[in-house]
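Biologist: I would like to learn how to read a structure like this one with care. Could you show it to me and then take me through it feature by feature?

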Amino acid sequence: MPTAPKASYEEPPLGRRDALFVGVAGAALSALVGAAVMLQPVDVAQAYLGGGPYGRQVTRGQDLSGQDFSNLDLTGQDFKTSILRQTTFKNSKLAGASFFDADLAGADFSNTDLRGADFSLCRATQVNFTGAIFEGATVTGNTQFKGSNVTDTDFTDVGLRTDQRKLLCKIASGTNPVTGVDTRESLLCGD
Ligand SMILES: *[C@@H]1O[C@H](CO)[C@@H](O)[C@H](O)[C@H]1NC(C)=O
Ligand SMILES: *[C@@H]1O[C@H](CO)[C@@H](O)[C@H](O)[C@H]1NC(C)=O
């Protein structure tokens, strides 16, 4: 059950959020963020607020390393080409989200819903994917999973490169507590 978002990533009050929820880019965005800062003090994390193609936070092409995105509904959120080293997504809903060409080294994706998400061309090394559901996710290109934990992870209908599938089969175990899917079976480990 998602709990209240952490203080570091609070939803802004409705009025200001609506003011910021417009499709803007580049200079217009910084002008808008500047205006929001003048209205009332905001913390640094909120400097990213401003509206993206899928959500209210601009999370594409950003360095969001070490930030806490746990227990949030980030369905369809765009994290393309972002740097997310040691970033925490624990217990969050990320179905359909994009991590295309992102750096996820050391991130925590435990117990996340990653159904249909895009993990193409990712650095997914040393990541905690314990209990994550990847069903139908896209993993094309040279995405690397070295050193990651896939205990209780569900890889149903995920096309993985042969070398990465073999690497994961060496360490995979368990059953996903939500879907009831056996991790090794979902990886087609053949045992
Ligand atoms: C991975 O996540 C699980 C569930 O949140 C947690 O129990 C475990 O300690 C984590 N493992 C590491 C190495 O951080
Ligand atoms: C993965 O994490 C689980 C608990 O979250 C732990 O029991 C297991 O030893 C870890 N496996 C690897 C390969 O790190």
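Modeller: Let us begin with the word contact, by which I mean that the C-beta atoms of two residues, placed from the backbone, lie within 7 Å. Please also keep in mind throughout that this is a predicted model.

Biologist: With that meaning of contact, which residues does Ala117 touch, not counting residues up to four places away in sequence?

Modeller: Leaving out those neighbours, Ala117 touches Leu94, Ala95, Gly96, Ala97, Ser98 and Phe99, and also Ala137. Ala117 belongs to the largest nonpolar core, which has 36 residues, and it is one of the four, with Phe99, Leu104 and Leu114, that touch the most other members.

Biologist: How much of the protein chain is buried, and which secondary structure elements does the chain have?

Modeller: Of the 191 residues in the protein chain, 38% are buried. The chain has 4 helices and 0 strands, so its pattern along the sequence is written α-α-α-α. If one takes the contacts between residues at least 6 apart in sequence, 17% of them join residues at least 24 apart.

Biologist: Why does Ser70 count as buried?

Modeller: Burial is judged here by counting neighbours, and Ser70 counts as buried because it has 21 C-beta neighbours inside 10 Å, where 20 or more are needed. Ser70 sits in the loop that runs between helix H2 (26-39) and helix H3 (162-171). Its C-alpha atom is separated by 5.9 Å from that of Asn91, although Ser70 and Asn91 are 21 residues apart along the chain.

Biologist: What surrounds ligand 1, and what surrounds ligand 2?

Modeller: A shell can be read first by name and then by class. Around ligand 1 are Lys90, Ser110, Asn111, Asn128 and Thr130, a shell with 4 polar residues, 1 charged residue and no nonpolar ones. Ligand 2 is surrounded by Thr130, Asn149, Thr151 and Ile171, and by class this shell has 3 polar residues, 1 nonpolar residue and no charged ones.

Biologist: Which elements of the protein chain have the lowest and the highest mean pLDDT?

Modeller: Helix H1 (residues 14-20) has the lowest mean pLDDT, 38, whereas helix H4 (residues 183-186) has the highest, 98. Over residues 4-55 the pLDDT is below 50, and this stretch has 59 contacts in the model beyond near neighbours in sequence. Where pLDDT is low, the predicted coordinates should not be read in detail. For the protein chain, the mean pLDDT is 80, with 70% of the residues reaching 70 or more.

Methods. Residues are numbered from 1 along each chain as its sequence is written. Chains are lettered from A and ligands numbered from 1 in the order in which they are written. This is a predicted model: local features need pLDDT of at least 70, side-chain atom pairs count only at pLDDT 80 or more; totals for chains, interfaces and linings use all residues. A residue is near a molecule or strand if its C-beta atom, placed from the backbone, lies within 6 Å of it. Ala, Val, Leu, Ile, Met, Phe, Trp, Tyr, Cys and Pro count as nonpolar, Asp, Glu, Lys and Arg as charged, and the others, Gly among them, as polar. Helices (H or I, at least four residues) and strands (E, at least two) are DSSP runs, numbered from the N terminus. A residue is buried if 20 or more other C-beta atoms lie within 10 Å of its own, exposed if 12 or fewer, and partly exposed in between; C-beta atoms are placed from the backbone. A nonpolar core is a set of buried Ala, Val, Leu, Ile, Met, Phe, Trp, Tyr and Cys residues joined through C-beta atoms within 7 Å. pLDDT is the predictor's confidence in each residue, from 0 to 100.
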